[in-house]
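Me: Please take a close look at a single part of this structure, the metal site, and describe how it is built. Add whatever helps to place it in the rest of the chain.

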Amino acid sequence: MANTQKLPLRKDVPEKLTWDLTTVYKTDADFEKDFSAVQDQLPVIAQLAGSLENGADALLKATGLYLDLNRKLEKVYVYAQLKNDQDTSETKYQAMFSRVESMVAKFGAAVSWFDPELLTLSESTMKQYYDQEPKLSDYKRLFDQTFEKRGHILSNDVEKVLAGASDIFSAGEKTFGILDNTDLPFPVVTDDNGNQVQLSQGVYGILLESTSQAVRKQAFKKLYEVYGQFQHTLAATLTTNVKNHNFKAQVRKYNSALEAALAANEVPTNVYQNLIDVVNNHLDLLHRYVALRKRILDLDNLHMYDLYTSLVDKKSPKYTFDRSKEIALDALQVMGPDYVSHVKEEFDHRWIDVVENQFKRSGGYSSGTYDTNPFILLNWKDNLDNLYTLIHETGHSMHSYYSAHNQPYQYGDYSIFVAEIASTTNENILTDYLLDQFKDDPEMKKIVLNYYLDGFKGTVFRQTQFAEFEQYIHEQDAKGQPLTADFMDNYYRDLNHKYYGDAVISDDEIGLEWSRIPHFYYNFYVYQYATGFAASSTLADGIVHGTKDNVEKYLNFLKSGSSDIPTNVMKKAGVDMTKPDYLEHAFEIFEQRLNEFEKLTMK
Ligand SMILES: [Zn+2]
């Protein structure tokens, strides 16, 4: 917090380091025009309720208006959101953003009739409609996404009851959130410099990276002491959440909660099963990595709290923003001139908000919509981490750019299942590039390999461990097994031992890890981090070491948006995510780099 004093005010940030939002709306008055236009049309679209059975042109009219309004609403949303994020203390834009948020809710209410009514149109009616009005075929995939749910939508009365009870269904998640973010009493601990600091999730993460084992151990013990005291309450909140998923899957006639969750993104369940199977077949690599950690850190016993401290000297060289842009452009040459030209556009035409200023939103993201540039928010620091963030967010932005410029509005975005693929493909390309640049510089090579190996451990192994736990507790509850704290502790401790192997002491506390992971409330979400990173490892390898054909296919994937189901879109890129091969390939790369790191650190 003391740092805040040194940060510049928004008005003092040099213009060239800020994003140019006048390309969205020249003035706030132009924003107001679009805002009013959406507002005025809400009663119009609401009045179209009941019209879809009137014929093909009625469906075309309603769909057209729906998409038009949605498109404008997204544009006003992005403008208000970015204005608000750049300086959250500015009341004018706080107010603008909250007006847009309430407009989003009103829009949702005004079009809530659309999907249920569409579902009443039979297949034969739809066939007639397509024959009568050929323009409707432009929306066929959009309609089909709704029709996919046909066998899983219940009678109107039941749907009403379920919708009305949504607050009650989310009680487990909400209670966990309040307990975890507000009520849990964390103690004061000692940090690296001997200062007393209040423990929190954020502070815990930092202390686990400490070079002092005593600091790491204390943070670990103290954190789990707190979760241990509340483990029975936390088991109850998680159980409520699991029961919510299992109940809904059952009444909606899915075979499992997993199937229901994946169906929402049109992902077949074998994608999930393949991930767990293939990762399990390669746990020996994680065991080797952990054993290497123990040797490099020169510890008699390696504990769970020793897994996050860096294995290399952290004095990594400085990467300024200007230097990072040069490196990113150079690394991305492998994508071909067209891709590079758009990255240059991003760098030269102020798509990025670079530096931290007072009251700017923290972190980094890429955000935009069909009618805006894909903007990037950063809080720049001169280090390797930020170079990776720049190229990661650039991957998201290029994906958005290509989808929006090659698809009609209705297919101009992309599925959450593929969302982290373009970003991590760029990260993997950068890793390849840096390893090549530093081929005669073992110290730098070690830093890059350590960065990669830790990333793979956290993204592929750890998220799959979570995915396995998530599947297990849902299956056990469905079978009638009570999910007590003891039951979950025991399973989690065994699972953790299976993943990390004998080189690490399975500290008793780790059995409680399930109790503090918010992602277990996301409904089968985390596996996508692992599948995405594995797919991108394979893609980047093809782009860097393959032929022009690999690049061509990759760009076709970026251009596809949501024009097909996600696994088909990925097939265009040359990766079949319904088969295990791409995962095997990702592990080959991991193993080869682990070998290299082992060799370098033996010296
Ligand atoms: Zn991302």
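Reply: At 68% relative accessibility, Asp298 counts as exposed, and that is a starting point outside the metal site. The model is a predicted one. Asp298 sits in the loop that runs between α15 (283-297) and β3 (302-303), and its phi is near 55 degrees, a positive value in a residue other than glycine.

Now the metal site. The zinc ion has as protein donors His392 (NE2), His396 (NE2) and two OE atoms of Glu420, at 2.1 to 2.6 Å from the ion. The angles subtended by the 4 donor atoms run from 52 to 141 degrees, so the arrangement is irregular; a tetrahedral site would need all angles between 85 and 135 degrees. Along the sequence the donor residues follow the spacing H-x3-H-x23-E. His396 belongs to helix α18 (residues 384-406) and Glu420 to helix α19 (residues 419-437), and this pair, 24 residues apart, links distant parts of the chain. His396 is buried, because its relative accessible area is 9%, under the 20% limit. Glu420, at 28%, counts as partly exposed.

Two further places complete the picture. Phe524 lies in the loop between β7 (504-505) and α22 (527-545). Phe524 also has a positive phi, near 50 degrees, without being glycine, but Phe524 is buried, with a relative accessible area of 4%. Residues 117-186 carry the UniProt annotation "domain: Oligopeptidase F N-terminal", from an unreviewed entry. Over that stretch the chain is 67% helix and 0% strand, with the end C-alpha atoms 51 Å apart.

How values were computed. Residues numbered from 1 in each chain as written. Predicted model: local features only at pLDDT ≥ 70, side-chain atom pairs only at ≥ 80, totals over all residues. Heavy atoms only, no water. Helix = DSSP H or I, 4+ residues; strand = E, 2+ residues; numbered from the N terminus. Buried < 20%, exposed > 50% of the residue type's maximum accessible area, 1.4 Å probe, protein only. UniProt positions renumbered as here; feature names shortened; annotations may be inferred. Donors = N, O, S within 2.8 Å, 3.2 Å for Na, K, Ca; no water. Tetrahedral: all angles 85-135°; square planar, octahedral: opposite > 155°, others 65-115°.
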